[in-house]
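User: Please take one part of this model and go through it closely, including its charged and aromatic partners. Give the cut-off for each term as you use it.

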Amino acid sequence: MELKKLLQDFVNEPYENLLGMARSAFAELKPVFDQASQDGNGSNLLIGLFATSLAVDGKLTELEYKFVNDLFGNISYEDVKSLVEMHYKAEMVELMNNLVDSCGVELKSKLLTLCCCFLAVDETISRDEIAFIVKLCD
């Protein structure tokens, strides 16, 4: 399966490369989502996307926590864990799927890159994570 190979390529990327890709994707996505947001702050949707990406396998690893902090700044472990737990729901997967589906090809590509960075940072891809990305790609 081509998607499994692509995801494995993300897993094989060094941490710093994943961080760089995530930073780049976030920097490109944030202004678009800010403009589309009613209150001018599109970060909530992007936070939902990364939190759901981290939540789909049912655990938050230390490496995932480090990645969130390296990307967004100093956030307590408890706050990140709480955010991930809030997004560990089928409804959140559906909401994120609808968000990605509503985007054009270029924007969707950036969103999927961002998700893949979060999915791969713990150096594994679970069946639940594969199912999540497959759902987002459909």
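Analyst: A salt bridge here is a side-chain nitrogen of Lys or Arg within 4 Å of a carboxyl oxygen of Asp or Glu. The model is predicted, so local features need pLDDT of at least 70 and side-chain atom pairs count only at pLDDT 80 or more, while totals for chains, interfaces and linings use all residues. Residues are numbered from 1 along each chain as its sequence is written, and side-chain values use heavy atoms, with hydrogens and water left out.

The part chosen is helix H2, residues 15–36; helices are DSSP runs (H or I, at least four residues) numbered from the N terminus. H2 has 22 residues, for which 1.5 Å a residue gives an expected span of 32 Å, and the 31 Å between its end C-alpha atoms agrees with this. The expected span is 1.5 Å times one less than the number of residues. H2 nevertheless bends by about 25° at Leu 29, with Pro 31 following within four residues. That bend is the angle between axes fitted to the seven residues ending at a position and the seven starting there.

Next, burial. Buried means under 20% relative accessible area, exposed over 50%, and partly exposed in between (1.4 Å probe, protein chains only). The buried residues of H2 include Tyr 15, Leu 18, Leu 19, Ala 22, Ala 25 and Phe 26. Leu 29, where the helix bends, is also among the buried residues, as are Phe 33 and Asp 34. Their cover includes helix H1 (2–12), H3, H4, helix H6 (90–101) and helix H7 (105–120), with contact meaning heavy atoms within 4.5 Å.

Two salt bridges of H2 can be followed residue by residue, and the structure holds 7 in total. Glu 28 pairs with Lys 110, the closest N and O atoms being 3.4 Å apart. Because Glu 28 is in H2 and Lys 110 in H7, this bridge ties together parts 82 residues apart in sequence. Glu 28 is partly exposed at 39% relative accessible area, and Lys 110 is partly exposed at 25%. The other bridge joins Asp 34 and Lys 30, at 2.8 Å from N to O. Both of these residues lie in H2, 4 residues apart, about one turn of the helix. Asp 34 is buried, whereas Lys 30 is partly exposed at 25%.

The start of H2 brings in the aromatic side chains. Rings of Phe, Tyr and Trp (its six-membered ring) pair if their centres lie within 6.5 Å; planes under 30 degrees apart count as stacked, over 60 as edge-to-face and the rest as tilted. The whole structure has 6 such pairs. In one of them, Tyr 15 meets Phe 67 edge-to-face, with 5.7 Å between centres and 85° between planes. Phe 67 belongs to helix H4 (residues 62–72), so this pair links distant parts of the chain, 52 residues apart. Tyr 15 counts as buried at 17% relative accessibility, and Phe 67 is buried at 0%.

Phe 50 and Phe 72 make a further pair, stacked because their planes are at 25°, with centres 5.0 Å apart. Phe 50 lies in helix H3 (residues 43–55) and Phe 72 in H4, so the pair ties together parts 22 residues apart in sequence. Phe 50 is buried at 4%, while Phe 72 is partly exposed at 28%. These four residues join Phe 26 and Phe 118 in one aromatic cluster.

Methods: Helix = DSSP H or I, 4+ residues; strand = E, 2+ residues; numbered from the N terminus.
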